[in-house]
Amino acid sequence: MSARYQLSGTTAVEISAGIESGIRTGALSPGAALPPVRALAADLGVSPATVARAYQELRQRGLLVTAGRLGTRVRPRPPVAARRSALRPPPLPGARDLSRGEPDRRLLPPLGPHLAALAADTGPSVSYSDAGVLPELAEVARARLDADGVPAGELTITGGALDGIERLLGAHLRPGDAVAVEDPGWANLLDLVAALGLRPIGVPVDDEGPMVAGVAAALAAGARALVVTSRAQNPTGSAVSAERAEALRALLAGRRDLLLIEDDHAAELARVPLYPLAGATASWAFLRSVSKPFGPDLRLAVLVGDETTVARVAGRTRVGAGWVSTVLQRLVLALWSDPAVDELVRRAAQSYEQRRDGLLTALAEHGLRAHGRSGINVWLPVPDETSAVTALRDAGWAVAPGALYRIAAAPAVRVTVSSLHADDLAPLAAALAHAANPTPPPGFPT
Ligand SMILES: Cc1ncc(COP(=O)(O)O)c(C=O)c1O
């Protein structure tokens, strides 16, 4: 904890407000340790129960985390400020930034021509009473999902995959409920689960998706929801295989007490087939986002699912944000209807695959086994994340530390390959090999 930040207050509300303000202003940085309950209580002259209530409230809102002997700390990315996580400082000037997990902008389809066409034939603005899901978009989305074997269900539109996941968790779970999430898994999902006051249960992942024994253990531990990334899993690149899908479907068959959420964020950008789990449980939802093929700024995902689940999400949206702008829906419809855009997305997918496979091969030549079956990231296990990230930074490469994505999984770094060139592969693999196998410091032999 910052030596200068003085915690204060005599009630739980005052103490938690003081900590929140410290986090907001940056005086308490992500990862900062807070004093033990009894020590702070003695300092402030209040009972330990008062401090415990303040910590508890901040934990439920995802600002703090308590982890055994590590004590209570500020979460890496607390949901009260837009600050970058201390775990991911901005890259040094001149460094190549492979830490962002974003598609290469040069490979996104240009939006200009479709925006111009939309502008030319847009009529009067849609009114409150007419707005909602655009039937033509629903039809095209259904046809695409149907071709991938996703069962026809009810359909609605959300502001991206994560917005859909938030609405689904909010519709089915209450604070304190447990959610099974992939470990390692998407950092934003871990942040969201914490911010909703839900309890994450990590499910180990291999190249074929969430491991069956891990899902079974999460169910036995009382998970009320399970979130599975269909393909291009972030950070490992894993993709649910046919065999894994069959085994998971058998495990989940007919469950009435579990909400199954599938996140197909890579969608048309994935070069591996989709093996959906959709429909295995009574409550299910399948999300297809357009962020990876068309760019994250479009903020749109299609959500299909069982009747109750979709009605809850659509109904809650109606009484809040209302709907996803039909201007945006029309743009996505235009992109999905243009064969030239399909071709650009296909070429982008091919290019990501070449970069990923190229890096995996170059790492294998150094005797390193990394992961990246699909998507835009490669996951490389390392003995020590901090020293690996530092060594790579010194060599001019910024990568993301695995700590952002892990619960109990082993240390690693995530390397986003989307912007790599062929002649980057050899020097990058050499730098990664050095970071993963650091030369031991001189001294007594062990
Ligand atoms: C696993 C996963 N799901 C979804 C998304 C995209 O979500 P959204 O549609 O909210 O942009 C990402 C983006 O990196 C992701 O890694």
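Two strands count as paired if DSSP finds at least two bridges between them, and strands (E, at least two residues) and helices (H or I, at least four) are DSSP runs numbered from the N terminus. This is a predicted model, where local features need pLDDT of at least 70, side-chain atom pairs count only at pLDDT 80 or more, and totals for chains, interfaces and linings use all residues. Residues are numbered from 1 along each chain as its sequence is written, and side-chain values use heavy atoms, leaving out hydrogens and water.

**Exercise 1.** Work out how strand E12 fits into its sheet.

*Solution.*
- Start with the partner: five bridges join E12 to strand E15 (residues 412-416), and the two run antiparallel.
- Pick one bridge: Asn377 has Thr416 in E15 as its partner.
- Now zoom out: the open, antiparallel sheet has three strands in the order E12-E15-E14.
- E12 (377-381) and E14 (400-401) are the edge strands, each pairing on one side only.

**Exercise 2.** Sort the shell around the ligand by residue class, then look at its polar contacts.

*Solution.*
- The shell (residues with a heavy atom within 4 Å of the molecule) includes Trp186, Asp263 and Lys292.
- Its residues split into three nonpolar, five polar and three charged, with Gly counted as polar.
- For polar contacts (pairs of N or O atoms within 3.5 Å), a ligand oxygen sits 3.0 Å from a polar backbone atom of Leu162.
- Side chains join in too: a polar atom of Asn234 is 2.9 Å from a ligand oxygen, and an N or O atom of Ser289 is 2.7 Å from one.
- Helix H6 (161-172) and helix H10 (291-294) are the elements giving two or more residues to this shell.

Definitions and conventions. Polar contact = N/O pair within 3.5 Å; in protein donor to acceptor, adjacent residues only side chain to side chain.
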